[in-house]
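Welcome, and please open the model in your viewer. We will go from stop to stop together, selecting a few residues at a time.

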Amino acid sequence: MTAVTMAPTPAPLDARGRRGLTAPLLAALASAAVLVVTWWFFVTTRLGQLIDDAALSGADAGPLTLTQAMLPILDVVSVPFVAGAVVAAVVIAVAQRRWSIAGAAVLLLVGANVTTQILKAVLPRPDLGATLALSNSLPSGHTTVAASVAATALLIAPHRWRGPVAVGGAVYAALTGLATMAGEWHRASDVVAAFAVAAFWYFIIEAARSVRRRSLPRGYRGAPTANAVTLLSVVAIATGLLGAVIGAITALNVPVYERPGEVIAYVGSCSSVIAASAVATLAMLAMRPHHRASSYSAGS
């Protein structure tokens with residue numbers, strides 16, 4: 001008599017599935033921590049306000065502003081632009097028969113930008129006698145739009161395009177942030193906070209999808225993003241170190257009244273913004289792509 005072997009009931013979330021959930025959750029928490037710490041230091045402490053103010057004062061230093069060249073970047077950002085990005089994301093996702101990604105793209109774009117507007121309205125900016133600009137401007141709305149559009153593009157990109165899309169998105173988001181600084185609309189901390197908001201929503205969506213998907217499909221291959229990772233890593237390290245060194249020098253010399261010191265602080269803040277964009281993009285690129293292998297159903 002042949003014994004009948006009962007197949008074990010699969011666990012709701014296997015080991016690989018748990019790892020797939022843990023990574024984006026930790027990344028989301030890290031993004032939230034960056035947002036909170038950035039606001040706390042640069043908005044609620046005198047030293048942070050003085051560093052930001054020194055960099056803002058250096059933004060109009062002759063050719064360094066690049067105002068005429070960069071401000072047109074800000075003209076792109078508008079309500080119709082966001083609406084168009086939402087429609088485009090949905091169309092691209094549906095065309096690939098990736099139905100859940102269509103909804104995720106809308107959630108990312110809307111969630112990130114609504115979050116920024118709420119934070120700008122409710123976060124206080126205390127008067128510490130360090131700056132004349134007392135109204136809160138953190139996070140940057142223009143930068144949030146650009147960063148969330150870049151994150152959405154990475155979310156919906158086919159695996160072979162993730163590398164180029166990541167680099168292009170990082171450049172676009174960084175340029176938008178730098179343009180807001182060149183026009184003296186925003187401080188560097190506002191821009192970094194905007195990157196954190198967009199990244200937070202990206203990782204929350206990654207986490208939610210990890211719960212639904214138990215593990216990576218058999219035969220799954222990640223996107224060929226080695227070149228993009230190398231490029232973004234080099235940029236992040238170089239600009240991050242420069243920004244950190246200049247930030248430390250500025251912190252030791254505030255309040256900054258001399259023009260050279262303001263210009264140096266501005267260069268440091270620009271370097272930090274570029275590094276933040278590269279780091280956020282690297283983290284998003286490290287998450288698993290939102291697609292299944294070709295042998296599996298396309299409706300992922």
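Here is a short tour, from the overall fold down to single side chains.

**The whole chain**

Before selecting anything, keep in mind that this is a predicted model. Switch to a cartoon view and follow the chain from its start: you will pass ten helices and zero strands. Written as a pattern along the sequence, that reads α-α-α-α-α-α-α-α-α-α. The protein has 300 residues, and 48% of them count as buried. Among contacts with a separation of 6 or more, 85% join residues 24 or more positions apart. Now turn on the surface. Its accessible area is about 14,400 Å², and carbon and sulfur atoms contribute 71% of that.

**Stop one: a patch on the surface**

Keep the surface on and select Val110, Val114, Ile118 and Val122. Together these residues make a nonpolar patch with about 340 Å² of accessible area. Val110 sits in helix 5, which covers residues 99-122. Is Val110 buried, partly exposed or exposed? Its relative accessibility is 43%, so Val110 counts as partly exposed.

**Stop two: the buried side of the story**

Stay on helix 5 and select Thr116, which also belongs to this helix. Thr116 has a relative accessible area of 0%, so this residue is buried. What does Thr116 touch, apart from its neighbours within four places in sequence? Show Pro139, Ser140, Gly141, Thr144 and Val197, and you have its contacts.

**Stop three: helix 6**

Next, select residues 141-156, which make up helix 6. Of its 16 residues, 14 are buried, so helix 6 is largely enclosed by the rest of the structure. You can also check its length by picking the C-alpha atoms at the two ends: they are 23 Å apart. At 1.5 Å a residue, helix 6 should span 22 Å, so the two values agree.

**Stop four: aromatic rings**

Hide the surface and colour the aromatic side chains. A pair of rings is described by the distance of the centres and the angle of the planes. The whole structure holds four aromatic pairs. One of them joins Phe41 and Phe42, with 4.9 Å from centre to centre and 85 degrees between the planes, an edge-to-face arrangement. Phe41 is partly exposed at 22% relative accessible area, and Phe42 is partly exposed at 23%. For another pair, move to Phe200 and Trp201: the centres are 6.3 Å apart and the planes stand at 90 degrees, so this pair is edge-to-face. Phe200 is partly exposed, with a relative accessible area of 29%. Then go back and add Trp40 to your selection, since ring pairs link Trp40, Phe41 and Phe42 into a cluster.

**Stop five: a salt bridge**

Side chains of opposite charge can pair when their charged atoms come close. How many salt bridges are there in this model? The count is one, and you can find it by selecting Arg259 and Glu262, whose side chains meet at 2.8 Å from N to O. Both residues lie in helix 10, residues 259-286, and because they are three residues apart, about one helical turn separates them. In general, an α-helix has 3.6 residues a turn, so residues three or four places apart point the same way. The partners differ in their cover: Arg259 is partly exposed at 35% relative accessibility, whereas Glu262 is buried at 11%.

Conventions. Residues are numbered from 1 along each chain as its sequence is written. This is a predicted model: local features need pLDDT of at least 70, side-chain atom pairs count only at pLDDT 80 or more; totals for chains, interfaces and linings use all residues. Side-chain values use heavy atoms; hydrogens and water are left out. Helices (H or I, at least four residues) and strands (E, at least two) are DSSP runs, numbered from the N terminus. Buried means under 20% relative accessible area, exposed over 50%, partly exposed in between (1.4 Å probe, protein chains only). Contact means heavy atoms within 4.5 Å. Accessible areas come from the Shrake-Rupley method with a 1.4 Å probe; for residues, only the protein chains shown count as cover. Patches are made of residues with over 30% relative accessible area and no salt bridge: like charges are joined within 9 Å, nonpolar side chains (Val, Leu, Ile, Met, Phe, Trp, Tyr) within 5 Å. A salt bridge is a side-chain nitrogen of Lys or Arg within 4 Å of a carboxyl oxygen of Asp or Glu. The expected span of a helix is 1.5 Å times one less than its number of residues. Rings of Phe, Tyr and Trp (its six-membered ring) pair if their centres lie within 6.5 Å; planes under 30 degrees apart count as stacked, over 60 as edge-to-face and the rest as tilted.
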